[in-house]
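Student: Please take me through this structure and show me how each label is earned. I keep meeting words whose cut-offs I don't know.

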Amino acid sequence: MSKAIQAIRGMNDCLPGETNKWQMVEDVLRRVAGNYGYAEIRMPVLESTNLFKRGIGEVTDIVEKEMYTFEDRNGDSLTLRPEGTASCVRAGNQHGLLYNQEQRLWYMGPMFRHERPQKGRYRQFHQFGIETYGIASADIDAEVIMLSARLWRELGINEFVTLELNSLGSNQARADYRDALVEFLTKHEELLDDDSKRRMHSNPLRVLDSKNKDVQALLVDAPKFSDSLDEESKQHFANLCQRLDAAGIKYQINERLVRGLDYYNRTVFEWVTDSLGAQGTVCAGGRYDGLVAQLGGKGTPAVGFALGIERLVLMLTELEKLENIRATTDVYMVMVGEGVDFTGLALAEQWRDQVPNIRIQGHCGGGKFNKQMKRADKSGAAIAIILGESEIASEQATVKYLRENKEQQTVAFSDIAQLLEQLIEG
Ligand code: ATP
Ligand code: MG
């Protein structure tokens, strides 16, 4: 036998037994986006490398060290998308969706980053994202955050996440703050690690993001973002906070929150949890009013977020919120005896017509009753519908309950559809 080929490190298969959990989560994400009137957009997973260099910023973790970039056969530099926002803006510009218009969009799909794989951090992972365009006022920031908060409620984890919020202000305010921060960091340069020293020159705000404890300790005395905020951004932030207060959404203002991507201004936020260990951010986003123009469109205000579906599924699993998900199969049809499957398969077709949401798995391949019942049990089905020659003759099936302690029943074929309706409603 030749050696079996393995998947690429950090890129996971999602196996049966997992996929039904994912589908449940994805259904909630889709439905909640729909609850707010958002439309889906789908973008390709490959884009020109320049899109991300220009969009995300050259001096960011993603562009400096995480992208899967290669030359295709034409010698063009392509990159597997590390995130969705730049692609979404590219698509919006290309198809004229953003020009003097408002858009409320969502997307979902795989993203790729060459990071060190560990729990909650993979090289292919999946994001669900929201992007809105054309609205500058803080009501839309509030709406986007409310939408995210609804997701946690719908998934039953709202008690386990907290919202951190900050404002990065206008470009001018950010530049002023950057100067103040660089002045501070320069005074204490000997206390910085190499990464922070490098960032101090290339992208000083990112020093605030440092995971190094000594650097964090030093930053306690660093100048505060709020001191540099411009009046308009202060007002915008206050407007947002008031709306969140009115909606009963709790938040913590975290002045160190800067986000790892260059394109944000004003609102930034993260939903964090301590149910996940080190990878504690489930969802992150903010306002990025400059990006549309930076990628060649007309200046358009924008705000959005992305959440990591793996981290969400991990969290839901750890909190045991995915225990009672409907199995892949509701009904297993056991068919024993010569020619019984002819009638059985036809009946199953009828029942699928009558009860469109039912999931019936018919036994194939014949075999004895006991073997078929074992399959029925393994399928996860709630009931087995048992057909033999006598059942076919009397037009009645035997219904056996596989998960509850309930007497088996004899049910006329014509009453089965009703029973199936009750089964999936129950
Ligand atoms: P982190 O600080 O954890 O690296 P990030 O700031 O790089 O996160 P974003 O680019 O804002 O993350 O992506 C939004 C969300 O996508 C994150 O909050 C996280 O839930 C998820 N995410 C990001 N990178 C990964 C990854 N490599 N594997 C799994 N999920 C990820
Ligand atoms: Mg990252």
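Student: What share of the 426 residues of the protein count as buried?
Tutor: The share is 48%. Buried means under 20% relative accessible area, exposed means over 50%, and partly exposed is in between, using a 1.4 Å probe and protein chains only. One thing to know early: this is a predicted model, where local features need pLDDT of at least 70 and side-chain atom pairs count only at pLDDT 80 or more, while totals for chains, interfaces and linings use all residues. As for the bookkeeping, residues are numbered from 1 along each chain as its sequence is written, chains are lettered from A and ligands numbered from 1 in the order in which they are written, and side-chain values use heavy atoms, leaving out hydrogens and water.

Student: What makes serine 87 buried?
Tutor: Its relative accessible area is 0%. Set that against the limit of under 20%, and serine 87 passes.

Student: What does serine 87 have around it, leaving aside its neighbours within four places in sequence?
Tutor: Met43, Glu47, Leu51, Phe52 and Arg81 are in contact with serine 87, and contact here means heavy atoms within 4.5 Å.

Student: How do you know that the side chains of serine 87 and glutamate 47 make a polar contact?
Tutor: A polar contact is a pair of N or O atoms within 3.5 Å; within protein, one must be able to donate a hydrogen and the other to accept it, and residues adjacent in sequence count only if both atoms are side-chain atoms. The distance between these two side chains is 3.3 Å, so the pair fits the limit.

Student: Why is helix α4 called mostly covered?
Tutor: First the name: helices (H or I, at least four residues) and strands (E, at least two) are DSSP runs, numbered from the N terminus. Helix α4 covers residues 85-94, and seven of its 10 residues are buried. Among the buried ones are Cys88, Val89 and Ala91. The cover includes β2 (46-48), α2 (49-56), β5 (103-112), β6 and α11 (291-294). Just after α4, glycine 96 takes a positive phi of about 65°.

Student: How do you know that strand β9 is largely enclosed?
Tutor: Count its residues: eight of the eight, from 265 to 272, are buried, so β9 is largely enclosed by the rest of the structure.

Student: What makes β7 and β9 a pair?
Tutor: Two strands pair if DSSP finds at least two bridges between them. Strand β7 (residues 162-167) and β9 share six bridges in the antiparallel sense, so they qualify. Leucine 163, for example, has tryptophan 271 of β9 as its bridge partner. Six bridges also join β9 to β10, again antiparallel, and phenylalanine 269 stands opposite glycine 285 in β10.

Student: Why are β1 and β8 said to stand at the edges of the sheet?
Tutor: Look at the order of this open sheet of eight strands: β1-β5-β6-β11-β10-β9-β7-β8, with mixed pairing. β1 (39-40) and β8 (252-253) each have a single partner strand, so one side of each is left without a neighbour in the sheet. For β1, two bridges lead to β5, and the two run parallel. There, alanine 39 stands opposite leucine 105.

Student: Which residues come nearest to ligand 1?
Tutor: Arg113, Glu115, Arg121, Tyr122 and Arg259 do, out of the 15 residues around ligand 1. To be near, a residue needs one of its heavy atoms within 4 Å.

Student: How do you know that arginine 121 has a polar atom close enough to ligand 1 to count as a polar contact?
Tutor: A polar side-chain atom of arginine 121 lies 2.8 Å from an oxygen atom of ligand 1, which is within 3.5 Å. Valine 282 uses a backbone N or O atom at 3.1 Å from a ligand oxygen, and arginine 311 has a polar side-chain atom at 3.1 Å from one.

Student: How much of ligand 1 does the protein bury?
Tutor: Taken alone, ligand 1 exposes 580 Å², and the protein buries 89% of that. Such areas come from the Shrake-Rupley method with a 1.4 Å probe; for residues, only the protein chains shown count as cover.

Student: Which element gives the largest share of the shell around ligand 1?
Tutor: That is β10, with four residues.
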